[in-house]
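Q: Could you take me on a close look at one strand and its partners in this model? I'd also welcome a word on the cysteines and any enclosed space.

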Amino acid sequence: MSQFPDIREYTALPRVNALRLSPDGTRLVSVVQSLNPDGKSYGAALWEIPQDPGGEPHRLTRSAKGEAGAEFAPDGTLFFVSRRPDETAKESGGDTAALWLLPERGEPVRVATRPGGIGGVRAAGGTVVYSSEVLPGDAATEEERRKAREEAGVSAILHEGYPVRYWDHDLGPAQTRLFAGRAVREGLEDVRDLTPAPGGALDEHMSFDLTPDGRTVVATWRAPLPNGDVRWDLVAIDVADGSRRTLATSGGHDFGGPVTVSPDGRLVACVRERHGAEETAVALDLWVVDLDTGEGRAVAAEIFPAAVAWAPSSRELFFAADHQGRRPVFRVPLDGEVTRVTADDGAYAELCPAPDGSVYALRGAVDSPPRPVRIAADGSVTTLPSPTPALDLPGTLTEVTATAEDGTEIRGWLVVPAEATAEDPAPFLLWIHGGPLSSWNDWSWRWNPWLMARHGYAVLLPDPCLSTGYGQGMVERGWGDWGPVTHADLMAITDECLKRPEIDEQRTAAMGGSFGGYMANWVAGHTDRFRAIVTHASLWNLDQFAGSTDGAHYWQREFGVPGSARYARLSPHRSLGEIRTPMLVIHGDKDYRVPIGEGLRLWWDLQRSGVESKFLYFPDENHWVLKPGNAIAWYETVLAFLSQHVMDEEWTRPPSLS
């Protein structure tokens with residue numbers, strides 16, 4: 001048996017989630033998530049990562065609530081956000097997230113608090129800017145108003161616009177605002193509210209940065225549109241007086257993060273996304289805007305970037321973007337062509353260009369957890385010491401391809417357990433990614449094929465139509481036609497994999513989450529070739545989903561007004577009568593992207609139709625199911641269900657649910 005950990009050991013592994021490089025390039029700090037002593041939750045701490053491959057990483061912070069949001073100031077000062085229930089914090093709002101400063105030597109110092117906690121932070125030019133959620137009205141009286149609301153037992157939120165929820169939390173009544181202060185030895189002084197009446201413009205996935213002179217904040221800004229639609233602009237906010245001007249706006253585009261200002265303070269890089277429509281797919285560009293004039297242009301077109309960073313010279317950008325089942329690092333001079341920097345199978349993130357021309361980053365892959373690395377100018381990669389241990393994988397990873405009905409090449413990754421042979425072939429699991437604009441190109445702590453391989457399954461991770469990293473044409477192939485084209489792609493590459501002698505073509509299953517769950521439901525209604533299907537956080541009735549999801553405006557651009565022919569043609573629930581395969585339905589009550597109504601309706605429809613099925617319900621979980629104990633229950637239940645139907649074993653109740 002491989003040394004790869006079982007699910008309980010796996011949930012306890014530390015995970016490197018972020019990476020920051022000091023401006024002079026001498027210090028590398030990461031945020032590392034690990035299991036708390038109670039085993040019921042995760043915490044995070046700051047770690048120093050040695051730049052010498054022979055060094056040892058060491059932990060910088062320790063608190064019961066954990067740390068996040070690490071950012072270096074130009075002088076090397078390290079700011080971070082933490083919930084620390086010490087006596088000082090209790091005097092001003094309990095254990096809400098506060099802003100802390102970590103000297104190079106000595107203990108952390110709390111420098112700012114807000115009743116609604118503190119989120120992101122940026123520091124430059126002697127200025128520190130941070131975000132916080134504030135009740136509408138005078139920020140100075142917020143603590144009293146929060147207390148009065150709590151004592152009155154009021155939880156109601158009055159909305160006058162859209163949206164009202166985001167992923168797993170309610171929006172309002174507090175709104176995200178930006179605050180700025182002058183950095184002094186003791187902390188911050190002259191703190192002021194830069195956005196006293198944002199009206200929700202900075203809520204959701206707001207991104208911001210600060211110019212090197214500390215005088216201007218550049219941020220995304222949500223603008224309401226008629227009929228519940230929204231648009232994201234790019235704005236510049238003067239730190240001195242809070243005045244705001246629009247840098248970039250377009251009726252058919254969103255300007256989003258990551259937002260990053262060039263080291264010379266002249267330019268801003270961001271992502272421009274073309275709005276989708278019924279006949280037009282979304283498209284993303286890497287966009288550069290002149291901070292003075294607002295003039296902008298695409299320096300890399302039709303890509304799906306995961307990270308963007310300026311070179312110290314301000315004359316070129318580095319970015320990581322999906323590409324053929326990988327996520328390489330690319331370089332693009334402002335006056336030149338895009339070139340690929342890394343040539344391996346890695347999926348890179350958290351890019352940190354250094355003064356010497358190298359780039360520090362996190363490198364993950366389908367077969368490797370994210371680990372800190374140094375990328376030389378020639379593209380060679382040096383792995384640095386990491387708090388995450390190297391893992392002995394229980395099998396092999398192979399790239400596979402197939403030809404779709406229209407001649408398009410469909411590719412994916414195939415995980416085969418080490419013990420699989422032609423004489424003893426492995427059962428097969430088709431695992432469909434979410435998105436739908438996504439790709440199987442990186443390690444996933446939540447959706448991990450190696451846990452299934454440890455239990456003997458060969459796992460196919462395909463990138464069908466709508467997958468990113470294959471050019472705009474791959475997205476357009478499935479745009480507005482989710483089910484039929486995607487299904488054909490999935491079956492083509494499944495057929496190709498089942499030709500392999502080390503895979504058992506008779507013992508097969510399929511599963512997926514979110515869009516992958518939609519496709520699992522579609523597969524269930526259009527073929528009976530699989531012995532079992534697992535569907536997680538899945539779309540079932542598109543017309544119902546279209547008005548109850550947290551971002552209805554986004555999906556209705558593609559599908560049109562609810563009740564139209566496209567909903568009827570592409571909704572999996574219309575094929576309920578064709579489902580014969582046993583199904584495991586999984587859903588969390590706190591899922592606002594695919595609301596619980598989808599899971600409940602699917603479960604009821606299967607029950608009334610007599611389809612053999614089980615429902616794994618998480619009352620306190622969101623779209624992904626993240627709590628350690630619940631993640632264990634998820635995997636144990638999925639494995640038990642597959643064992644029953646794929647392996648023909650007797651149903652055994654998962655230990656975590658007993």
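A: Happy to; here is a walk along one strand, followed by the cysteines and the enclosed space. Please keep in mind that this is a predicted model.

Let's start with strand β20, which covers residues 267-274. Six of its eight residues are buried, so strand β20 is largely enclosed by the rest of the structure. On one side of the pairing scheme comes strand β19, residues 253-261, joined to β20 by six bridges in an antiparallel arrangement. Within that pair, G256 has V271 of β20 as its bridge partner. The hairpin of β19 and β20 has five residues between the strands, and there G265 adopts a positive phi near 80°. Strand β20 also pairs with strand β21, residues 283-290; these two run antiparallel as well, with eight bridges between them. Here A269 stands opposite V288 of β21.

Now for the cysteines. The disulfide count is zero, taking a disulfide as two cysteine sulfur atoms within 2.5 Å. For C465, the nearest cysteine sulfur belongs to C497 and lies 17 Å away, so C465 is in no disulfide by that cut-off. C497 is likewise in no disulfide, its nearest cysteine sulfur being that of C465. C465 counts as buried, at 0% relative accessibility, and C497 is buried too, with a relative accessible area of 1%.

Last comes the enclosed space. The structure holds one cavity of 30 Å³ or more, and the largest cavity contains about 30 Å³ of space. Its lining includes V366, W440, D442 and W443. By class, that lining has five nonpolar residues, two polar and one charged.

Technical notes
Residues are numbered from 1 along each chain as its sequence is written. This is a predicted model: local features need pLDDT of at least 70, side-chain atom pairs count only at pLDDT 80 or more; totals for chains, interfaces and linings use all residues. Side-chain values use heavy atoms; hydrogens and water are left out. On a 1 Å grid over the protein atoms alone, a cavity is a set of points where a 1.4 Å probe fits but cannot get out, and a pocket is an open set with protein on both sides within 12 Å along at least five of seven lines; lining residues have an atom within 4 Å of a point. Grid points are joined across faces, edges and corners, and a volume is the space filled by probe spheres set on the points. Ala, Val, Leu, Ile, Met, Phe, Trp, Tyr, Cys and Pro count as nonpolar, Asp, Glu, Lys and Arg as charged, and the others, Gly among them, as polar. Buried means under 20% relative accessible area, exposed over 50%, partly exposed in between (1.4 Å probe, protein chains only). Helices (H or I, at least four residues) and strands (E, at least two) are DSSP runs, numbered from the N terminus. Two strands pair if DSSP finds at least two bridges between them.
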